[in-house]
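Thanks for sharing this one with me. Here are my notes, point by point, to read with the model open beside you.

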Amino acid sequence: MTPRLIEHQPASVLPSAVGIVHLGLGAFHRAHQTVYLQRWLNAGGDPRWGIEAANLRANRGLVARLRAAGHRYQVVEYADDQQVTVREIASIAQVRYTGPEGEELEALLETLVAPATRIVTLTVTEKGYCLQPSDGALDERDPLIRHDLEHPDRPRSAPGLLVAALAERRARGTAPFTVLSCDNLAANGERVRSAVTRLAALRDPALAGWIEAQVAFPSSMVDRIVPRVDETTRSRLGELGVSDPDALACESFSQWVIEDRFPLGRPDWERVGVTMVASVAPFEEMKLRMLNGSHSLLAYLGLALGHRTVDQAVLDPRLRRVLERYLEEEAAPSLDAPGTPGAQELAAYAESLLERFANPSLGHRLDQIAMDGSQKLPQRWLSGLEANLAAGRDIAVTALGLAGWLAFIVAASGTGELDDPLAELLFAVAARPSGQRVEALLCERAIFHPGVAGDHRVTRAVAEAYRAIDERGVEAALEDAMEN
Ligand code: CS2
């Protein structure tokens with residue numbers, strides 16, 4: 001259906017210099033942080049805060065195309081299928097691709113150490129931080145981290161790049177930039193801080209001490225549904241006359257909550273709706289457990305029921321009931337950070353999520369959400385599960401979700417295709433006889449805390465749900481969960 005209301009928002013001001021370096025030039029960055037900055041520039045913000053955005057691993061083609069297009073592209077924001085805003089974005093001043101050969105690494109490092117660079121933002125996804133999912137410590141066996149320890153001046157990982165740049169700033173007597181993670185990790189600032197200081201300590205303890213004392217790592221909560229662009233999205237954009245090959249489609253909703261610790265200054269993002277706070281924890285936990293936790297539940301159970309997209313899954317009454325129960329009885333009650341909104345506000349938040357998920361114009365693919373489960377589920381389900389176990393609350397839907405994830409892994413092991421950095425380990429679980437898989441999965445210390453894995457309530461509930469899925473199918477397991 002062609003929308004009735006189309007609003008165009010041109011990029012009226014271009015950046016004149018780089019003040020922010022961004023790592024991870026994915027769809028999310030191009031439809032979130034860059035949009036806030038463009039709106040801020042349009043509203044009279046200082047044009048010296050332009051972005052230099054880099055891809056460290058994938059998508060060199062995008063970098064080349066954006067460069068050829070003068071770093072301009074379009075973001076199409078769908079309120080629903082009737083109302084859209086087509087926004088022109090030009091807040092990126094420079095793009096880089098480094099890749100395994102370090103193609104533009106030198107140029108990127110040069111910008112990272114330049115005094116004008118005052119903030120480094122990151123959207124490198126959960127796995128890009130090279131952390132062990134269960135406890136968030138730097139994974140020192142990660143091949144990229146091992147590479148960066150051997151070649152500290154030719155870093156390939158995000159933490160390695162930050163350490164190399166900070167070491168050089170320290171050597172030159174330049175004040176360090178602020179590091180702002182924009183990934184879906186709980187306490188994301190603290191996570192990057194510990195990864196960066198640990199990696200620095202392995203190289204030079206004095207450097208680690210300087211980073212600890214000097215570098216600010218504020219946390220942030222980011223939110224906007226930005227599906228990966230596929231053929232369906234492209235043809236929908238084509239109907240609006242948007243033929244830019246790097247245009248993105250997303251929802252009109254957008255949120256950014258940032259801890260206000262920027263020793264070298266920052267854009268006054270408040271002017272364009274960013275919330276600056278002293279502590280981001282209550283916002284982060286709420287979003288991760290309620291929004292992202294729901295997404296993962298819809299993904300594993302929805303795919304098994306034959307759905308392809310989030311809007312299809314959330315409109316299926318069998319899933320909807322279970323999802324509502326997860327939100328009301330497991331996700332919302334588990335939120336315990338000081339400053340968490342009250343029950344009424346959480347109920348309203350849950351209601352708004354169901355509406356956003358049902359947006360018919362996004363075509364948000366469940367298989368996109370299902371990838372990297374080992375990296376996503378600790379902050380989406382497991383921390384809430386731990387809180388609920390401690391308080392003796394219900395865990396039935398979370399257990400059903402874990403069983404659904406296991407069934408998804410087992411199905412993927414049939415084809416040998418699972419998009420997850422721990423795929424090998426997960427395939428070893430899938431190779432066990434059916435009755436042993438749940439215990440084998442929960443024993444994976446890289447993913448599960450002993451507190452969750454050793455609790456017999458978890459083992460029993462997940463095993464029961466898995467048996468139901470395995471023997472009678474997902475639909476029957478959904479019914480069982482609602483009867484409990
Ligand atoms: C999604 C997120 O792909 C996923 O796992 O849950 O990308 C989600 O759409 C965003 O976090 C929304 O802010």
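Which helices each supply at least two residues of the shell around the ligand? They are α10 (281–304) and α14 (366–370). Please keep in mind that this is a predicted model.

1. **The ligand shell.** The residues around the ligand are N184, D223, R224, I225, L291, N292, H295, Q368, I369 and K376. Helix α10 makes the biggest contribution to this shell, giving three residues. By class, the shell holds three nonpolar, four polar and three charged residues.

2. **Two domains at the ligand.** The domain assignment of the protein chain gives domain 1 (5–278) and domain 2 (281–483). It is worth viewing the ligand with both in sight, since each domain supplies at least three residues of the shell.

3. **How the domains meet.** The C-alpha centres of domain 1 and domain 2 are 28 Å apart. Their contact takes 25 residues from domain 1 and 30 residues from domain 2. On the domain 1 side, the elements giving two or more residues are β9 (220–223), α9 (231–239) and β10 (248–251). Of these, α9 has the largest share, with three residues. This side of domain 1 is made up of eleven nonpolar, six polar and eight charged residues.

4. **The nonpolar core.** I would spend some time on the largest nonpolar core, which has 142 residues. Those with the most contacts inside it are L298, A399, A403, L406, V462 and A465. Helix α16 (residues 396–415) provides the largest share of this core, twelve residues. Where does the core lie relative to the two domains? Domain 1 (5–278) and domain 2 (281–483) both give residues to it, so the core lies between them.

5. **A399 in the core.** A399 is a good place to centre the view, as one of the residues with the most contacts inside the core. Setting aside neighbours within four places in sequence, A399 contacts V458, A461, V462 and A465.

6. **A281 in α10.** Is A281 buried or exposed? A281 has 20 other C-beta atoms within 10 Å, so this residue counts as buried; the cut-off for buried is 20 or more. A281 is found in helix α10, the helix that gives the most to the ligand shell. Beyond residues up to four places away in sequence, A281 touches A187 and A337. A281 and P218 are 63 residues apart in sequence, with a C-alpha to C-alpha distance of 11 Å.

Methods. Residues are numbered from 1 along each chain as its sequence is written. This is a predicted model: local features need pLDDT of at least 70, side-chain atom pairs count only at pLDDT 80 or more; totals for chains, interfaces and linings use all residues. A residue is near a molecule or strand if its C-beta atom, placed from the backbone, lies within 6 Å of it. Helices (H or I, at least four residues) and strands (E, at least two) are DSSP runs, numbered from the N terminus. Ala, Val, Leu, Ile, Met, Phe, Trp, Tyr, Cys and Pro count as nonpolar, Asp, Glu, Lys and Arg as charged, and the others, Gly among them, as polar. Domain bounds come from an automatic or database domain assignment. Two residues are in contact if their C-beta atoms, placed from the backbone, lie within 7 Å. A nonpolar core is a set of buried Ala, Val, Leu, Ile, Met, Phe, Trp, Tyr and Cys residues joined through C-beta atoms within 7 Å. A residue is buried if 20 or more other C-beta atoms lie within 10 Å of its own, exposed if 12 or fewer, and partly exposed in between; C-beta atoms are placed from the backbone.
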